[in-house]
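Trainee: Please take me closely through one part of this model. Start with the sulfur chemistry, and then follow the strands and charges outward.

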Amino acid sequence: MPSIQEPVRSKPEDREVVVAENVKMVDIQDKEVTMEGICSIAAYDEWTPLSVSGQPPKPRYKHGAAVVQEKMYVFGGNHNGRYLGDIQVLDFKSLSWSKLEAEIQPVPSEPAEAVLVAPCAGHSLIPSENKIFSLAGHTREPTESLSVKEFDPQTCTWSTLRTYGRSPSSRGGQSVTRIGNTLVVFGGEGAGRSLLNDLHILDLETMTWDEFESTGTPPSPRSEHAAACYADRYLFIFGGGSHSTCFSDLHLLDVETMEWSRPEHHGITPEPRAGHAGVTFGDYWFITGGGNSKKGVPETLVLNMSTMEWLVVTSLEGRAPPTSEGSSLVLHTINEEDFLLSFGGYSGRYSNEVYALKTSFRPSVSSNGMAPLSADANSSRGPIFEIEELQDKKNNKGGDTSKTLVQTVKHERNQLEEKLEREKIQSFHLKTELADVENKNVELTQELNSVRDQLLDEAARASKLEKEVSEIQQRLQKMAALEKEFELLRGERDGAGDKSASGSNKKPGGVGFRRWYGDDEG
């Protein structure tokens, strides 16, 4: 499942390009028109199907999508078991589709076959400045290791980037998340349908892969999950599936300590799901679509990552991208309004529709590539505006004093906002530590119960042994009595034998006496 993150800066000049492919734009051209199609959406937090011109893409799911310069680029996917390798472009200005046709331009040092970007599904597209990374994915002829490709919309060129270190094994259905100047790869389905829960990090400055050892209990092996970055330090993993079940668990990795934990959360309880899509917007992590063995998931969820509260944004019945498995989800801002755009997916049939949702949520994190807090959403700015209006009405009387006052109040406001952000982060850390302590307490309780069970088993075994020893002692006593009785009987037998022997010795004398006596008479 694609995991789309906010565009952040990188240094393309540090990368070494080894393969290139030139492409050209066909169909419709860019048109400088108004965005009435999207901006005409009046209702907040409701999904609306968009009417898009141009030749629509082939219906698909498990594709990748990324936004670069007012355009959404869609690459690859799966349709009826067939992997796709086309690039489709949705222009937000003209609200129209166009297609990029590839023209192979072989590199002298490489065979022509190596120039092609293989059709794939279950890969991840990550926007970076004005380019797009494509990582992993299932292909008809899988490779041993995961490759990193880069698409440049300006030159319409694919490049395969040379990486160093030990590359992760090839896979699909993984998550790829931008954290600082790194890409974090987690899980997925590898060769032989083996499920993975390994963690790999690509340093974009050195293009070097590292496989980090982590502590704590990591998520179980899974694919088709969602991942998100918070505060350029924390990696969230939500849901996903194995070969037999779908998950609804939430995991957190602190990339500074490389420790996994299970944070406590409140609000609604999300249903198990796999194949869902996610995108972050400040503190908020929006989740759409996915399904389990029973049904698709109609609710669009949002997790406030600073308060760990789950909310239902809206629910949409029927077969549409926001309720489908393997759809894509991106975020785009138009005329200071923020829109979620969902494309494609599978919910009994393959889709190529585009749905938009105008969100009422406003970000509260103003760094790390996230949008700043708007004036409308920041209630603490109200008094500042009132002071400024009051100064205008006074026709600049005491202008210097009022400006100083306004600057002082603004400075104090900024300090309070910074303090509030620090308190939020500290609160988040404390909640994480509390969750860790409670998890350890649960583990210790389980271990204590296990020891108690072992002690009970040992006590029962000791009691049984004591009973057996007592029985043996009784048998020994009986054997001693029998042995004594046996000695008495043997003594009696020996006495009887002696008497018998004495009688035998007297009998010959008697006979002789009778014989002698008889002879004498005769």
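Mentor: Cys120 is buried, with a relative accessible area of 5%. Cys156 is buried too, at 11%. This is a predicted model, and its disulfide count is zero. A disulfide is a covalent bond between the sulfur atoms of two cysteines. The cut-off used here is a pair of cysteine sulfur atoms within 2.5 Å. The count of zero applies under that rule.

Another cysteine leads to the strands. Cys229 sits in β15, where Ala227 and Cys229 point one way and Ala226, Ala228 and Tyr230 point the other way. In a regular strand the side chains alternate between the two faces of the sheet. Which of these five side chains in β15 are buried or exposed? All are buried, whichever way they point. Strand β15 covers residues 226-230, and five of its five residues are buried.

The partner of β15 is strand β16, residues 234-241. The two strands pair in the antiparallel sense over five bridges. One contact ties back to the cysteine: the bridge partner of Cys229 in β16 is Leu235. The hairpin of β15 and β16 has three residues between the strands. There, Ala231 takes a positive phi near 55 degrees.

Now the open sheets. Strands of a sheet pair through backbone hydrogen bonds, either parallel or antiparallel. One open sheet has four strands in the order β11-β12-β13-β14, with antiparallel pairing. Its edges are β11 (175-179) and β14 (208-211). Each has a single partner strand, so one side of each is left without a neighbour in the sheet. From one strand to the next, the twist averages 25 degrees. At the β11 end, five bridges join β11 to strand β12 (residues 182-189), again in the antiparallel sense. Thr177 stands opposite Val184 in β12.

A second open sheet also has four strands, ordered β2-β26-β25-β24, and its pairing is antiparallel. Here β2 (47-49) and β24 (328-334) are the edge strands, each pairing on one side only. Neighbouring strands of this sheet are turned by 30 degrees against each other on average, direction ignored. β24 and β25 run antiparallel and are joined by seven bridges. Ser328 has Phe343 as its bridge partner in β25.

Next, the charges. Side chains of opposite charge can pair when their charged atoms come close. The salt-bridge count is 13. One of them involves strand β25, just discussed. The side chains of Glu337 and Arg362 meet at 3.5 Å, N to O. Glu337 lies in strand β25 (residues 337-343), while Arg362 lies in the loop between β26 (354-358) and α2 (382-393), so the pair ties together parts that are 25 residues apart in sequence. Arg362 is buried, at 18% relative accessible area. The cut-off for buried is under 20%, so Arg362 meets it with its 18%.

Another bridge links two strands. Lys131 pairs with Glu150, with the closest N and O atoms 3.8 Å apart. Lys131 is in strand β8 (residues 131-135) and Glu150 is in strand β9 (residues 148-152), so the bridge ties together parts that are 19 residues apart in sequence. How buried or exposed is each end, Lys131 and Glu150? Lys131 counts as partly exposed, at 21% relative accessibility. Glu150 is buried, with a relative accessible area of 6%.

A third pair is Glu353 with Arg349, and its closest N and O atoms are 3.7 Å apart. Glu353 is partly exposed at 29% relative accessibility. Arg349 is partly exposed as well, at 35%. Beyond these pairs, Arg233, Asp254 and Glu256 are linked in a network of salt bridges.

Finally, a surface without charge pairing. Ile472, Leu476 and Met479 form a nonpolar patch there. Together the three have about 310 Å² of accessible area. Leu476 is found in helix α3, residues 399-521.

Methods. Residues numbered from 1 in each chain as written. Predicted model: local features only at pLDDT ≥ 70, side-chain atom pairs only at ≥ 80, totals over all residues. Heavy atoms only, no water. Salt bridge = Lys/Arg side-chain N within 4 Å of Asp/Glu carboxyl O. Buried < 20%, exposed > 50% of the residue type's maximum accessible area, 1.4 Å probe, protein only. Patch = residues over 30% accessible without salt bridge, like charges linked within 9 Å, V, L, I, M, F, W, Y side chains within 5 Å. Areas by Shrake-Rupley, 256 points an atom, 1.4 Å probe, with all protein chains shown as cover. Pairing = 2+ DSSP bridges. Axes fitted to C-alpha atoms, helices over the stretch in contact; angles between N-to-C directions.
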